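Me: Could you walk me through this one, step by step? I'm new to reading structures.

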Amino acid sequence: MKNIAILCSGGDVSGMNPALKHFVEYSLQKGLTPYFIYNGFEGLIDNKIVKVSHKHVGGIINRGGTIIGSTRSERFMDREFRKIAKKNLDTLDIDMLVVLGGDGSFRGMDIFYKEHGVKFCGIPSTIDNDINGTEYCLGVDTALNVIKDSIDNIRDTAASFSRAFVIETMGRNCGYLALVSALCSGAELCLIPEVEYDLKEYEESFKAQIKNGRNYFIAIVSEGIKEESSEIAKWFEQKIGFESRVTILGHTQRGGNPTIYDRLMAYKFVNHAIDGLLDGKNKSMICYAKKGFEYKNIDEVTSQKYQLDRELLGYLKVLNV
Ligand code: F6P
(Lines give C-alpha, C1' and ligand atoms only; values in the text may rest on other atoms or scores of the structure.)
Protein backbone atom coordinates (compact mmCIF):
# COMPACT_ATOMS: atom_id res chain seq x y z
CA MET A 1 0.00 0.00 0.00
CA LYS A 2 1.48 3.37 -1.03
CA ASN A 3 0.95 6.55 0.93
CA ILE A 4 0.01 9.93 -0.49
CA ALA A 5 -0.54 13.28 1.22
CA ILE A 6 -2.18 16.59 0.36
CA LEU A 7 -1.64 20.12 1.66
CA CYS A 8 -2.92 23.62 0.96
CA SER A 9 -0.51 26.53 0.65
CA GLY A 10 -0.97 30.29 0.16
CA GLY A 11 -4.29 32.11 -0.04
CA ASP A 12 -7.17 29.71 0.45
CA VAL A 13 -9.85 29.37 -2.25
CA SER A 14 -13.36 27.97 -2.46
CA GLY A 15 -12.88 24.61 -4.10
CA MET A 16 -10.18 23.35 -1.76
CA ASN A 17 -12.67 21.42 0.37
CA PRO A 18 -14.26 19.62 -2.62
CA ALA A 19 -10.69 18.81 -3.72
CA LEU A 20 -9.83 17.37 -0.28
CA LYS A 21 -12.96 15.24 -0.32
CA HIS A 22 -12.21 13.80 -3.73
CA PHE A 23 -8.54 13.35 -2.84
CA VAL A 24 -9.52 10.98 -0.03
CA GLU A 25 -12.08 9.11 -2.10
CA TYR A 26 -9.95 8.73 -5.22
CA SER A 27 -6.81 7.75 -3.28
CA LEU A 28 -8.73 4.97 -1.54
CA GLN A 29 -10.19 3.82 -4.87
CA LYS A 30 -6.66 3.62 -6.25
CA GLY A 31 -5.45 1.53 -3.30
CA LEU A 32 -3.47 4.42 -1.78
CA THR A 33 -3.51 5.50 1.87
CA PRO A 34 -4.39 9.22 2.04
CA TYR A 35 -2.95 11.69 4.56
CA PHE A 36 -3.79 15.32 5.31
CA ILE A 37 -1.04 17.79 6.14
CA TYR A 38 -2.54 20.57 8.26
CA ASN A 39 -1.50 24.25 7.89
CA GLY A 40 0.49 23.90 4.68
CA PHE A 41 4.27 23.62 4.75
CA GLU A 42 4.22 24.75 8.38
CA GLY A 43 2.37 21.56 9.27
CA LEU A 44 4.79 19.52 7.20
CA ILE A 45 7.61 20.88 9.38
CA ASP A 46 5.61 20.54 12.62
CA ASN A 47 4.48 17.01 11.77
CA LYS A 48 0.76 17.83 11.60
CA ILE A 49 0.19 14.85 9.31
CA VAL A 50 -2.85 12.66 9.81
CA LYS A 51 -4.04 9.47 8.11
CA VAL A 52 -7.57 10.11 6.82
CA SER A 53 -10.61 8.28 5.52
CA HIS A 54 -14.15 8.98 4.36
CA LYS A 55 -15.22 10.15 7.80
CA HIS A 56 -12.83 13.12 7.68
CA VAL A 57 -14.44 14.59 4.58
CA GLY A 58 -18.16 14.16 5.24
CA GLY A 59 -20.19 17.37 4.83
CA ILE A 60 -17.38 19.57 3.53
CA ILE A 61 -18.14 19.77 -0.21
CA ASN A 62 -20.28 22.89 0.19
CA ARG A 63 -17.85 24.78 2.42
CA GLY A 64 -15.47 27.51 1.27
CA GLY A 65 -11.90 27.73 2.56
CA THR A 66 -10.08 24.58 3.58
CA ILE A 67 -10.69 22.34 6.58
CA ILE A 68 -6.96 21.54 6.75
CA GLY A 69 -5.83 25.17 6.89
CA SER A 70 -3.35 27.01 4.71
CA THR A 71 -0.30 29.17 5.41
CA ARG A 72 2.45 31.06 3.66
CA SER A 73 5.50 29.41 5.19
CA GLU A 74 8.73 31.32 5.64
CA ARG A 75 10.38 28.36 7.36
CA PHE A 76 10.00 26.06 4.34
CA MET A 77 12.39 28.40 2.49
CA ASP A 78 15.09 27.24 4.91
CA ARG A 79 17.00 24.05 4.06
CA GLU A 80 17.17 22.94 7.71
CA PHE A 81 13.38 23.02 8.08
CA ARG A 82 12.98 21.15 4.78
CA LYS A 83 15.20 18.40 6.26
CA ILE A 84 12.80 18.14 9.21
CA ALA A 85 9.85 18.01 6.78
CA LYS A 86 11.48 15.14 4.89
CA LYS A 87 12.10 13.25 8.12
CA ASN A 88 8.42 13.58 9.04
CA LEU A 89 7.36 12.21 5.66
CA ASP A 90 9.88 9.33 5.89
CA THR A 91 8.51 8.29 9.28
CA LEU A 92 5.11 7.81 7.64
CA ASP A 93 6.56 6.42 4.41
CA ILE A 94 5.00 9.19 2.27
CA ASP A 95 6.78 10.09 -0.96
CA MET A 96 3.98 11.63 -3.02
CA LEU A 97 2.35 14.99 -2.38
CA VAL A 98 -0.54 16.81 -3.97
CA VAL A 99 -0.16 20.55 -3.38
CA LEU A 100 -3.02 23.03 -3.72
CA GLY A 101 -1.43 26.45 -4.07
CA GLY A 102 0.26 28.98 -6.30
CA ASP A 103 3.50 29.07 -8.25
CA GLY A 104 5.50 30.21 -5.19
CA SER A 105 4.44 27.02 -3.40
CA PHE A 106 5.35 24.91 -6.42
CA ARG A 107 8.77 26.57 -6.60
CA GLY A 108 9.30 25.55 -2.96
CA MET A 109 8.22 22.01 -3.77
CA ASP A 110 10.59 21.90 -6.71
CA ILE A 111 13.52 22.65 -4.40
CA PHE A 112 12.24 20.01 -1.98
CA TYR A 113 12.03 17.46 -4.82
CA LYS A 114 15.56 18.26 -5.98
CA GLU A 115 16.94 17.90 -2.45
CA HIS A 116 14.95 14.92 -1.22
CA GLY A 117 13.12 13.31 -4.16
CA VAL A 118 9.60 13.86 -2.80
CA LYS A 119 7.34 13.65 -5.86
CA PHE A 120 4.59 16.20 -6.22
CA CYS A 121 1.81 17.39 -8.46
CA GLY A 122 0.59 20.96 -8.07
CA ILE A 123 -3.04 21.92 -8.48
CA PRO A 124 -3.16 25.62 -9.41
CA SER A 125 -5.30 27.27 -6.74
CA THR A 126 -5.63 31.03 -6.39
CA ILE A 127 -8.47 33.45 -6.98
CA ASP A 128 -5.97 35.70 -8.81
CA ASN A 129 -5.79 33.32 -11.83
CA ASP A 130 -2.20 34.42 -12.33
CA ILE A 131 -0.24 31.18 -12.73
CA ASN A 132 1.70 30.74 -15.94
CA GLY A 133 0.84 27.62 -17.93
CA THR A 134 -2.81 27.21 -16.93
CA GLU A 135 -5.86 29.12 -18.08
CA TYR A 136 -7.81 28.23 -14.96
CA CYS A 137 -6.95 28.13 -11.27
CA LEU A 138 -9.23 26.53 -8.71
CA GLY A 139 -11.42 29.06 -6.89
CA VAL A 140 -11.64 31.67 -9.64
CA ASP A 141 -15.21 30.90 -10.65
CA THR A 142 -16.49 31.15 -7.07
CA ALA A 143 -14.63 34.43 -6.57
CA LEU A 144 -16.08 35.82 -9.82
CA ASN A 145 -19.57 34.86 -8.71
CA VAL A 146 -19.08 36.54 -5.32
CA ILE A 147 -17.89 39.68 -7.14
CA LYS A 148 -20.83 39.51 -9.58
CA ASP A 149 -23.33 39.35 -6.70
CA SER A 150 -21.68 42.32 -4.99
CA ILE A 151 -21.66 44.43 -8.15
CA ASP A 152 -25.31 43.57 -8.83
CA ASN A 153 -26.21 44.69 -5.30
CA ILE A 154 -24.20 47.88 -5.63
CA ARG A 155 -25.83 48.69 -8.96
CA ASP A 156 -29.23 48.74 -7.22
CA THR A 157 -28.16 51.52 -4.88
CA ALA A 158 -25.96 53.29 -7.44
CA ALA A 159 -28.90 53.60 -9.84
CA SER A 160 -31.35 54.62 -7.10
CA PHE A 161 -29.08 57.25 -5.64
CA SER A 162 -27.32 58.50 -8.79
CA ARG A 163 -23.78 57.81 -7.70
CA ALA A 164 -20.52 56.57 -9.16
CA PHE A 165 -19.18 53.46 -7.42
CA VAL A 166 -15.56 52.47 -7.52
CA ILE A 167 -15.43 48.76 -6.72
CA GLU A 168 -12.01 47.28 -5.96
CA THR A 169 -11.31 43.62 -6.62
CA MET A 170 -8.38 41.48 -5.46
CA GLY A 171 -5.83 39.96 -7.84
CA ARG A 172 -2.46 41.09 -6.50
CA ASN A 173 -0.75 42.25 -9.73
CA CYS A 174 -3.16 40.53 -12.07
CA GLY A 175 -6.28 42.21 -13.45
CA TYR A 176 -8.11 39.02 -14.41
CA LEU A 177 -10.85 39.22 -11.74
CA ALA A 178 -11.47 42.91 -12.42
CA LEU A 179 -11.56 42.56 -16.18
CA VAL A 180 -13.85 39.54 -16.34
CA SER A 181 -16.13 41.10 -13.72
CA ALA A 182 -16.29 44.38 -15.62
CA LEU A 183 -17.18 42.61 -18.86
CA CYS A 184 -19.83 40.47 -17.20
CA SER A 185 -21.35 43.27 -15.14
CA GLY A 186 -21.58 45.99 -17.75
CA ALA A 187 -19.18 48.35 -15.99
CA GLU A 188 -18.42 51.75 -17.47
CA LEU A 189 -14.76 51.69 -16.55
CA CYS A 190 -12.19 49.02 -15.74
CA LEU A 191 -8.64 49.70 -14.58
CA ILE A 192 -6.07 46.92 -14.21
CA PRO A 193 -2.34 46.85 -13.45
CA GLU A 194 -1.41 45.42 -16.87
CA VAL A 195 -2.72 48.40 -18.84
CA GLU A 196 -1.61 52.03 -18.53
CA TYR A 197 -4.43 54.54 -18.21
CA ASP A 198 -5.01 58.26 -18.09
CA LEU A 199 -8.32 59.25 -16.50
CA LYS A 200 -8.37 62.49 -18.55
CA GLU A 201 -9.19 60.38 -21.61
CA TYR A 202 -12.60 59.46 -20.18
CA GLU A 203 -13.73 62.87 -19.01
CA GLU A 204 -15.37 64.11 -22.20
CA SER A 205 -17.15 60.85 -22.90
CA PHE A 206 -18.45 60.44 -19.34
CA LYS A 207 -19.78 64.01 -19.26
CA ALA A 208 -21.51 63.43 -22.60
CA GLN A 209 -23.08 60.26 -21.22
CA ILE A 210 -24.46 62.22 -18.25
CA LYS A 211 -25.98 64.77 -20.64
CA ASN A 212 -27.60 61.86 -22.47
CA GLY A 213 -29.23 60.61 -19.27
CA ARG A 214 -26.69 58.37 -17.54
CA ASN A 215 -27.41 58.52 -13.82
CA TYR A 216 -24.83 56.16 -12.35
CA PHE A 217 -21.38 54.73 -13.05
CA ILE A 218 -19.79 51.44 -12.08
CA ALA A 219 -15.98 51.42 -12.19
CA ILE A 220 -14.20 48.13 -11.46
CA VAL A 221 -10.59 48.58 -10.44
CA SER A 222 -8.08 45.94 -9.55
CA GLU A 223 -5.80 46.12 -6.55
CA GLY A 224 -2.30 46.79 -7.87
CA ILE A 225 -3.14 49.77 -10.10
CA LYS A 226 -1.06 52.93 -9.69
CA GLU A 227 -3.69 54.81 -7.63
CA GLU A 228 -5.78 54.11 -4.55
CA SER A 229 -9.47 53.50 -5.26
CA SER A 230 -10.23 56.62 -3.23
CA GLU A 231 -8.30 58.68 -5.83
CA ILE A 232 -10.53 57.33 -8.61
CA ALA A 233 -13.59 58.25 -6.52
CA LYS A 234 -12.19 61.76 -6.02
CA TRP A 235 -11.77 62.06 -9.80
CA PHE A 236 -15.45 61.18 -10.30
CA GLU A 237 -16.43 63.90 -7.83
CA GLN A 238 -14.05 66.61 -8.97
CA LYS A 239 -13.78 66.07 -12.72
CA ILE A 240 -17.01 64.30 -13.67
CA GLY A 241 -19.17 66.04 -11.07
CA PHE A 242 -20.69 62.86 -9.69
CA GLU A 243 -21.10 61.90 -6.07
CA SER A 244 -19.01 58.83 -5.53
CA ARG A 245 -18.40 55.94 -3.12
CA VAL A 246 -15.73 53.24 -2.85
CA THR A 247 -16.35 49.57 -2.06
CA ILE A 248 -13.32 47.39 -1.45
CA LEU A 249 -14.55 43.81 -1.79
CA GLY A 250 -11.49 42.45 0.01
CA HIS A 251 -11.57 38.98 1.53
CA THR A 252 -15.26 38.42 0.79
CA GLN A 253 -13.88 37.30 -2.60
CA ARG A 254 -11.96 34.43 -1.02
CA GLY A 255 -14.96 32.77 0.65
CA GLY A 256 -18.33 31.34 -0.13
CA ASN A 257 -20.08 28.20 -1.24
CA PRO A 258 -17.97 26.67 -4.05
CA THR A 259 -19.73 26.92 -7.42
CA ILE A 260 -20.59 23.84 -9.47
CA TYR A 261 -17.72 24.72 -11.81
CA ASP A 262 -15.18 24.82 -8.98
CA ARG A 263 -16.50 21.55 -7.52
CA LEU A 264 -16.17 19.88 -10.91
CA MET A 265 -12.74 21.36 -11.55
CA ALA A 266 -11.63 20.25 -8.07
CA TYR A 267 -12.74 16.72 -8.95
CA LYS A 268 -10.93 16.72 -12.29
CA PHE A 269 -7.74 18.38 -11.01
CA VAL A 270 -7.46 15.83 -8.20
CA ASN A 271 -8.04 12.88 -10.53
CA HIS A 272 -5.33 14.10 -12.88
CA ALA A 273 -2.92 14.93 -10.06
CA ILE A 274 -3.12 11.45 -8.55
CA ASP A 275 -3.06 9.72 -11.95
CA GLY A 276 -0.01 11.79 -12.91
CA LEU A 277 1.89 10.85 -9.75
CA LEU A 278 1.07 7.17 -10.22
CA ASP A 279 2.16 7.50 -13.81
CA GLY A 280 5.65 8.74 -12.88
CA LYS A 281 5.17 12.50 -13.24
CA ASN A 282 7.48 13.59 -10.46
CA LYS A 283 7.40 17.38 -10.45
CA SER A 284 4.51 18.73 -12.43
CA MET A 285 1.50 20.98 -12.26
CA ILE A 286 -1.78 19.86 -13.73
CA CYS A 287 -2.84 22.65 -16.09
CA TYR A 288 -6.12 23.43 -17.77
CA ALA A 289 -6.27 24.96 -21.23
CA LYS A 290 -8.90 25.19 -23.95
CA LYS A 291 -7.77 21.86 -25.37
CA GLY A 292 -8.13 20.13 -21.99
CA PHE A 293 -5.86 19.06 -19.14
CA GLU A 294 -2.11 18.66 -19.53
CA TYR A 295 0.85 18.17 -17.21
CA LYS A 296 3.57 20.79 -17.30
CA ASN A 297 6.97 20.45 -15.74
CA ILE A 298 7.30 22.86 -12.85
CA ASP A 299 10.33 24.53 -14.47
CA GLU A 300 8.16 25.50 -17.43
CA VAL A 301 5.43 26.86 -15.13
CA THR A 302 7.78 29.00 -13.06
CA SER A 303 10.05 30.18 -15.88
CA GLN A 304 7.65 32.90 -17.04
CA LYS A 305 5.13 35.36 -15.68
CA TYR A 306 1.44 34.79 -16.36
CA GLN A 307 0.19 36.91 -19.27
CA LEU A 308 -3.40 38.04 -19.30
CA ASP A 309 -5.39 36.55 -22.18
CA ARG A 310 -5.01 38.75 -25.29
CA GLU A 311 -8.63 38.33 -26.28
CA LEU A 312 -9.78 39.65 -22.89
CA LEU A 313 -7.34 42.56 -23.11
CA GLY A 314 -8.82 43.39 -26.51
CA TYR A 315 -12.27 43.62 -24.92
CA LEU A 316 -10.94 46.02 -22.27
CA LYS A 317 -10.05 48.53 -25.00
CA VAL A 318 -13.63 48.45 -26.25
CA LEU A 319 -15.10 48.68 -22.73
CA ASN A 320 -13.07 51.74 -21.76
CA VAL A 321 -14.17 54.07 -24.55
O1 F6P B 1 -3.44 35.45 -3.57
C2 F6P B 1 -4.75 35.64 -3.23
C3 F6P B 1 -4.96 36.97 -2.56
O4 F6P B 1 -6.30 36.99 -2.13
C5 F6P B 1 -4.63 38.19 -3.42
O6 F6P B 1 -5.66 38.50 -4.32
C7 F6P B 1 -4.44 39.26 -2.38
O8 F6P B 1 -3.59 40.26 -2.85
C9 F6P B 1 -3.80 38.49 -1.25
O10 F6P B 1 -4.14 37.12 -1.43
C11 F6P B 1 -4.27 38.90 0.12
O12 F6P B 1 -3.50 38.24 1.06
P13 F6P B 1 -3.83 38.17 2.61
O14 F6P B 1 -4.94 37.17 2.78
O15 F6P B 1 -2.58 37.73 3.23
O16 F6P B 1 -4.29 39.53 3.02
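Reply: Sure, here come a few questions and answers about the ligand and the domains around it.

Reply: Quick heads-up: this is a predicted model, where local features need pLDDT of at least 70, side-chain atom pairs count only at pLDDT 80 or more, and totals for chains, interfaces and linings use all residues. Residues are numbered from 1 along each chain as its sequence is written, and side-chain values use heavy atoms, with hydrogens and water left out.

Me: How far apart are the centres of domain 1 and domain 2?
Reply: The protein splits into domain 1 (3-139 + 258-305) and domain 2 (143-254), with bounds from an automatic or database domain assignment. Taken over C-alpha atoms, their centres are separated by 35 Å.

Me: Where does the ligand lie relative to domain 1 and domain 2?
Reply: Look at the shell of residues around the ligand, meaning those with a heavy atom within 4 Å of it. The shell includes R72 and E223. Both domain 1 and domain 2 give residues to this shell, so the ligand lies between them.

Me: Which oxygen-to-side-chain distance does the ligand have with E223?
Reply: We're after polar contacts here, pairs of N or O atoms within 3.5 Å. H251 has a side-chain N or O atom 2.9 Å from a ligand oxygen. For a polar side-chain atom of E223, the distance to a ligand oxygen is 2.6 Å.

Me: How much of the ligand does the protein bury?
Reply: Accessible areas come from the Shrake-Rupley method with a 1.4 Å probe. On its own the ligand exposes 400 Å². Of that, the protein buries 73%.

Notes: A polar contact is a pair of N or O atoms within 3.5 Å; within protein, one must be able to donate a hydrogen and the other to accept it, and residues adjacent in sequence count only if both atoms are side-chain atoms.
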